[in-house]
Amino acid sequence: MYVGIYFRVFLSLLPLWVVDGNQCSDGVLTIHPERVVVKYGDFVEVNCSASGPHDGMGWEATVGNKPIEEDIHLITWTVEELTDWDVEAECFINLQDGEQCIKTLTVVMYKDLEHAPVLSANHTGPMIEGTTYLLQCAIYNVAPVCNLNVRWYRGDVLIGHSPADNSTERPTPVNVTATLRITPTKHDDGAQFRCEAELNLGQEGPQPPPPKMISQNVSITVHYGPVTTNCPRTIEISEGENLETFCPSEGNPRPTVRWMRDGLSIDPGLPLSREDSGVYTVNVTGLLSFEDTIEVFVMYGPVFHCPSNYIVEEYTAHNLSCKVDGYPRPDTQWLKDGEEVILPEELSRGYGGQYFILANSTYGNASHLLDIKVLYPPSPIAELEDTEVDVVGSDVVLKCAVYGDPRPQYRWSYPRVSNVWVNTEDGVSLLHINGTTGENIGTYTCFAFNKLGEERRSVRVTVKGVQASCPIQFSIANKPVNEAVVEYNNNVSIRCSAPGHKRILWAVSVNQSITGDTWTEKALTDWNVMPTCKVTLENRDPCHKLFNVTLFKTPKDLSIRFQNHSGPLFKDKQYTLLCEIQNVAPVKNLVVNWYKKEINSSRSVKNETFQDNSNKEPQNVSSTLLIKATKSENGAQYWCEARLKLGDHDTNATSQPLRVTVYYAPVITRPNGSDVPVFKDYQEVLVCEAEGNPKPEIIWIFNNKSSKGGDLTIGTDKAGFITCRASNEVANVTKTMKLVFKGFFAACPVEISPPSLVVRYGDSASATCRALEPISGMGWESTLGAVGLEEGVTELNWTVKELREWTMRPQCFINPEDGEQCLKELAVVVYKMPDSVTLTIGDPGPKDVGTIYNLTCRIENFNPVQNLTVRWLKREVLWELVQEVVREEDNSMGPQNKTYEWQLIFKPSDNGAEYYCEAGLGLTPDPHIPSQPVLVTVHYPPSHSEDEVLLLERDTTLNCTADANPPPSYTWKTSGTQEAMDKTPVLTINEAGNYTCTASNRLGSGTKHFIVESRSSGTFWAIIGAGVGVIFILVLSYGILKWKAGANSII
């Protein structure tokens, strides 16, 4: 490093002492080669030779310095790895004349291009045609830069080059950027540009030269245009052609061409019709946007816009429009009967006829035929006269005829009766009456008309000796009716109609008449109302008709009792049941039905009517039923039903049932015999049973002593006569028996195990009989499983595999060794559980509250009946036993079917409850067998919570929701109005006042009152409340202080 510095200093001072050192004579000193090109880091070798005598020669260099040497003629400068970019080397020689000769070696160091140039532009995105842009080619780490050459290509075409940069002498590697200025056109759109860089080191450089480096291709997008061609200001085009060939446009981005007419886009590819002539706008949008206006003319031949027929009223200005279109515009000519004519403004009948119209143009010819018709009004009607029919049933024809153009039409006004008909032929209208009656009496009017006028004529048809009928009809809600059935204080609305009426009037009473076709009463209370409809008819005489109204009041208060009697009945006497109905109307429609319920059934026993009662107003009436008190009447129930027979409006009410209690004398049923055997040392139990109502009291009488109770145990010391007495309120009865002493009692000394059997029908059964003392033999007597006498045994079994007899009495017998044969019976009960248990409750459907219903439980195919227990259960949340039927006193054997009834009056709380019945025999662990549960729907009238008093708030809400089934309808009323305000259960109000809500369904109605007070009315009470609160706090505070101060305090 320091050597190089010293050498450079030396070279700078050399001119001071070397005189013309560079001026070497030719051939004295030679460097070969004079110019060397060396790649950075490569080996370099240059020879320096002298041709003549000298005092020494050498190399002065920044790298590889060679000191002066004598007696040589060739000296070589060598560097193994040349890396000094600023290298300088000179060969010198010292001449003998004292001068020095110097030759300078030209050293060019280079470095291969290591990286491809980077091509870029000074712009991003599309380029605009006609705008100048710079392409930049960046070459990195290049030396020597003065030998760098850059070429520019568009595709494979050389378009320019950037020569070596001689502006810098710096030999070290540098980064350089070459530029190319381009002005793109539309032809450059999509073109690819690149740059190539190479070092031009000449002939001395390496061969082949260093490789050139090529940049990546850069594609440019050129935006240009749009350019439009074939777009004249005026276009004439034949009909059927299109505009697609006009105004094509080119550009990038690709322009859009939009044809518009009257502000709307059109498709230029569609064929044009004559209607498409006009001014069009062509809007071209691309890199730039512009708009042209073009007038388009569509050429076509003459076209007529003219009707084939034209009708005009006589002597009126016509508005005939007959135009001929075409382009170019055609000429027209009108001809009638071969002569050219011109139509006047008003046409008479003579201008009617056919016209021939011609149209000519250079684009074609056309013709048209036109018929003109001149109209006039109808003439007066003739031949229509009044007609009187002499004989009822005769046919009548009325004729109506006129002239006019257009041909007149006819219309008749006449009494609308089915035997009248009209037909019109050849301009004449005929009205036919087939079989004339009184309904045909009236006025008949014929109307003849066309659009220019009308003629009319009226005549009258009468029938000798006959009056006209009245066609009035009545309807309710558009349904024809002849009468109405209305509940008292309910609304009624009847419409009166009659075909062809002019005026309708209702006469309700002497002082009340209503104009209009509808008679309405919001609350009908007049029991003798007689509404009459009066009509004034078109083409008929006035008439009137009475409408029948039946006003009724439902019987609600029914009661049933015995007439002139209270308490129980006594057997074999007659009594009168009285059914009283209060406030019912009309009585002539009333039917009272009497019903009786016995143990297993109910039936109707009497009905009574009151048709002879013509009074329409509410009355109190009664009905009677005569009954005879018998034993079978005991426990029976009677009730009455009051029914108003009103057709579709039948209504009824039912009394509460009246249960009949019949008292009758006792009847002793046990014992049956008259003698009772008595044994020594053996106690006998005597049983006395009796039937009667009230239940008899049983007393045994023996030797003037009495003992109460049905069972009496007697010892062996009793002998003689004993009496059983049964007594109740009706009578006393007795039965006397004789006690007969029989000596000693010999019980059969056997034991049966088990002592009794309960066996399901069809199952097996067995028992064991064991002798308790010595015997000679034993056996079993039975209809099934009998065992004959067997000797030498003390124990014997009775067995049946399938027990299929309902009455079994097997007996075990023994033959004692020292006595007579004895036997003992095995008690056997054969049972069968019911096949089915079914519950029904009256008729299907909802049940009305307060009405008696029979709950019927049917048990089928079971045994024994005397063990049956029936239970009735109800479930709302949990099952609840509501009724139980105890066992019957029925000793019949074998499977039976039984039906039991229980009467029930449903309450609102029963709605949704489930009922079922179950049957059991109580003989085994087998469960009770239940029926399917029956869900009960109960209908009941509305009921409300208590009336409410409220303070008025903003949007105060009144809730009138009532408990009812079926759901009720609601009406609201407020003080000062009787009009219904709303029909919902909830009402929102903004004013204080008294509000009444009524909820109604078919079973009745309920009312709830709301008193809504304004806030001001509550101020006084608010002040009082505040004052009371302050006083309470003061008293409480004083009490606390007194308690804390103690009893002796003076506070």
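A residue is taken as buried when its relative accessible area is under 20%, as exposed when that value is over 50%, and as partly exposed in between. On this scale, Cys-400 has a relative accessibility of 0% and therefore counts as buried. The structure described here is a predicted model, and the account below considers its disulfides, its salt bridges and a charged surface patch.

Disulfides in the model number 13. In one of them, Cys-400 is joined to Cys-446, with the two sulfur atoms 2.0 Å apart. The link between Cys-400 and Cys-446 is left-handed, with -85° about the S-S bond. Cys-400 belongs to strand β32 (residues 396-401) and Cys-446 to strand β36 (residues 442-450); the pair thus connects distant parts of the chain, 46 residues apart. Cys-446, like its partner, is classed as buried, because its relative accessibility is 0%.

A further disulfide is formed by Cys-48 and Cys-91, whose sulfur atoms lie 1.7 Å apart. The torsion about this S-S bond is about -90°, so the disulfide of Cys-48 and Cys-91 is left-handed. Because Cys-48 is located in strand β3 (residues 44-50) and Cys-91 in strand β7 (residues 89-94), the bond ties together parts that are 43 residues apart in sequence. Cys-48 is buried, with 0% relative accessibility, and Cys-91 is likewise buried, its relative accessible area being 0%.

The disulfide between Cys-748 and Cys-822 has an S to S distance of 2.1 Å. Here the torsion about the S-S bond is about 70°, so the link between Cys-748 and Cys-822 is right-handed. Cys-748 is found in the loop between β65 (732-744) and β66 (750-753), whereas Cys-822 is in strand β73 (residues 822-825); the pair therefore ties together parts that are 74 residues apart in sequence. A relative accessibility of 16% places Cys-748 in the buried class. Cys-822, also at 16%, counts as buried. For both cysteines the assignment follows because the cut-off for burial is under 20%. Another cysteine, Cys-146, has a relative accessible area of 31% and is therefore partly exposed.

Attention now turns to charged side chains. Side chains of opposite charge can pair when their charged atoms come close. The structure contains 39 salt bridges. One of these is formed by Asp-910 and Lys-874, with the closest N and O atoms 2.6 Å apart. Asp-910 is situated in the loop between β80 (896-905) and β81 (914-920), and Lys-874 in strand β78 (residues 869-875), so the salt bridge ties together parts that are 36 residues apart in sequence. Asp-910 is buried, at 1% relative accessibility; Lys-874, at 9%, is buried as well.

The salt bridge between Asp-541 and Arg-460 has its closest N and O atoms 3.4 Å apart. Asp-541 occupies the loop between β45 (532-537) and β46 (543-546), while Arg-460 lies in strand β37 (residues 453-463); the pair therefore ties together parts that are 81 residues apart in sequence. Asp-541 is partly exposed, with a relative accessible area of 36%. Arg-460 is also partly exposed, with a value of 31%.

In the salt bridge of Arg-495 with Asp-517, the closest N and O atoms are 3.2 Å apart. The two residues link distant parts of the chain, with Arg-495 in strand β41 (residues 492-497) and Asp-517 in the loop between β43 (512-515) and β44 (518-521), 22 residues apart. Arg-495 has a relative accessible area of 35% and is partly exposed. Asp-517, at 27% relative accessibility, counts as partly exposed too. Salt bridges also connect Asp-156, Arg-194, Glu-196 and Lys-212 in a network.

On the surface, a patch of negative charge is made up of Asp-55, Glu-70, Asp-71, Asp-97 and Glu-99. Of this group, Asp-97 is placed in the loop between β7 and β8 (100-110). Asp-97 has a relative accessibility of 56% and so counts as exposed. Strand β7, which precedes this loop, is also the strand that holds Cys-91 of the disulfide with Cys-48.

Methods: Residues are numbered from 1 along each chain as its sequence is written. This is a predicted model: local features need pLDDT of at least 70, side-chain atom pairs count only at pLDDT 80 or more; totals for chains, interfaces and linings use all residues. Side-chain values use heavy atoms; hydrogens and water are left out. A disulfide is a pair of cysteine sulfur atoms within 2.5 Å. Helices (H or I, at least four residues) and strands (E, at least two) are DSSP runs, numbered from the N terminus. Buried means under 20% relative accessible area, exposed over 50%, partly exposed in between (1.4 Å probe, protein chains only). Patches are made of residues with over 30% relative accessible area and no salt bridge: like charges are joined within 9 Å, nonpolar side chains (Val, Leu, Ile, Met, Phe, Trp, Tyr) within 5 Å. Accessible areas come from the Shrake-Rupley method with a 1.4 Å probe; for residues, only the protein chains shown count as cover. A salt bridge is a side-chain nitrogen of Lys or Arg within 4 Å of a carboxyl oxygen of Asp or Glu. Lys and Arg count as positive and Asp and Glu as negative; His and the chain ends are not counted. The place of a charge is taken as NZ of Lys, CZ of Arg, CG of Asp or CD of Glu.
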